[in-house]
Amino acid sequence: MKLLTILFATFLLVLLGTKIFQGSWNFLFSGNLGMAVFIIFTGLSHFKFQKGMAMMIPEFIPAKMFWVYFTGIIEIAAGVGLMIPSIREITAVLLIVFYVLVFVANINASKKKINIFKADYTRPGMNYLYRERILMQLILISWTWYFGIYLA
């Protein structure tokens, strides 16, 4: 849930900035920029915590490091795509699909108690999934739908 601080803080700062500098609250821009900063930040983390990220991927999927880097690039590209009005909606749809698919890796990581930051098995496990990650995933999906599709 700490990651959501990036999303909410960016949103609120940009929203306040639009009010101060443009004279009105620009929810569409602020919401999409908040998600863009969030998803770019998480995409970059794929390059810093690649060993832990690779541990999340189910055993039956080969070339784990390729997928870690590839999904990091996808996340960065999605952040950029959310800020381009002509492709915002399709980016949001694909990002929602991505959030659903990546949740499988989150379930796997919770079952194994994977700590992606240390690349070990010291996380709380399924408690994290039930108490935090499911809610976070729902917030990310809802946010992306609302600002990337509904308001677009």
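The backbone oxygen of Asn26 lies 2.7 Å from a polar atom of the side chain of Ser30. I should say at once that these values come from a predicted model. Ser30 belongs to helix α2. Is Ser30 buried or exposed? Its relative accessible area is 0%, so Ser30 is buried, the cut-off being under 20%. If we set aside the neighbours within four places in sequence, Ser30 is in contact with Phe11, Val14, Leu15 and Thr18.

Let us now turn to a second serine. Ser45 is also found in helix α2, which covers residues 27–48. Ser45 has a relative accessible area of 15%. Because this value is under 20%, Ser45 counts as buried. Which backbone oxygen lies 2.5 Å from a polar atom of the Ser45 side chain? That oxygen belongs to Thr42. Not counting residues up to four places away in sequence, Ser45 touches Gln50 and Met53. A further relation spans a long stretch of the chain. Ser45 and Ile116 are 71 residues apart in sequence, yet their C-alpha atoms are 9.9 Å apart in space.

I come next to the largest pocket. Its volume is about 1100 Å³. The lining comprises 42 residues, and those closest to the centre of the pocket are His46, Met53, Met56, Val102 and Asn106. Met53 therefore appears in two places in this account: Ser45 touches it, and it is listed among the residues closest to the pocket centre.Which elements give two or more residues to this lining? They are α1 (2–22), α2, α3 (50–56), α4 (64–82), α5 (88–112) and α6 (126–150). Of these, α5 gives the most, with nine residues. By kind, the lining residues divide into 29 nonpolar, eight polar and five charged.

Finally, let us consider helix α4. This helix has 19 residues, and at 1.5 Å a residue they should span 27 Å. The C-alpha atoms at the two ends are 27 Å apart, which agrees with that expectation. Which residues of α4 are buried? They are Val68, Thr71, Gly72, Glu75, Ala78, Gly79, Gly81 and Leu82. To read such a list, it helps to recall that an α-helix has 3.6 residues a turn, so residues three or four places apart point the same way. What covers the buried residues of α4 includes α2, α3 and α5. Helix α2, where Ser30 is found, is thus one of the elements that cover the buried residues of α4.

Technical notes: Residues are numbered from 1 along each chain as its sequence is written. This is a predicted model: local features need pLDDT of at least 70, side-chain atom pairs count only at pLDDT 80 or more; totals for chains, interfaces and linings use all residues. Side-chain values use heavy atoms; hydrogens and water are left out. Helices (H or I, at least four residues) and strands (E, at least two) are DSSP runs, numbered from the N terminus. Buried means under 20% relative accessible area, exposed over 50%, partly exposed in between (1.4 Å probe, protein chains only). Contact means heavy atoms within 4.5 Å. A polar contact is a pair of N or O atoms within 3.5 Å; within protein, one must be able to donate a hydrogen and the other to accept it, and residues adjacent in sequence count only if both atoms are side-chain atoms. On a 1 Å grid over the protein atoms alone, a cavity is a set of points where a 1.4 Å probe fits but cannot get out, and a pocket is an open set with protein on both sides within 12 Å along at least five of seven lines; lining residues have an atom within 4 Å of a point. Grid points are joined across faces, edges and corners, and a volume is the space filled by probe spheres set on the points. Ala, Val, Leu, Ile, Met, Phe, Trp, Tyr, Cys and Pro count as nonpolar, Asp, Glu, Lys and Arg as charged, and the others, Gly among them, as polar. The expected span of a helix is 1.5 Å times one less than its number of residues.
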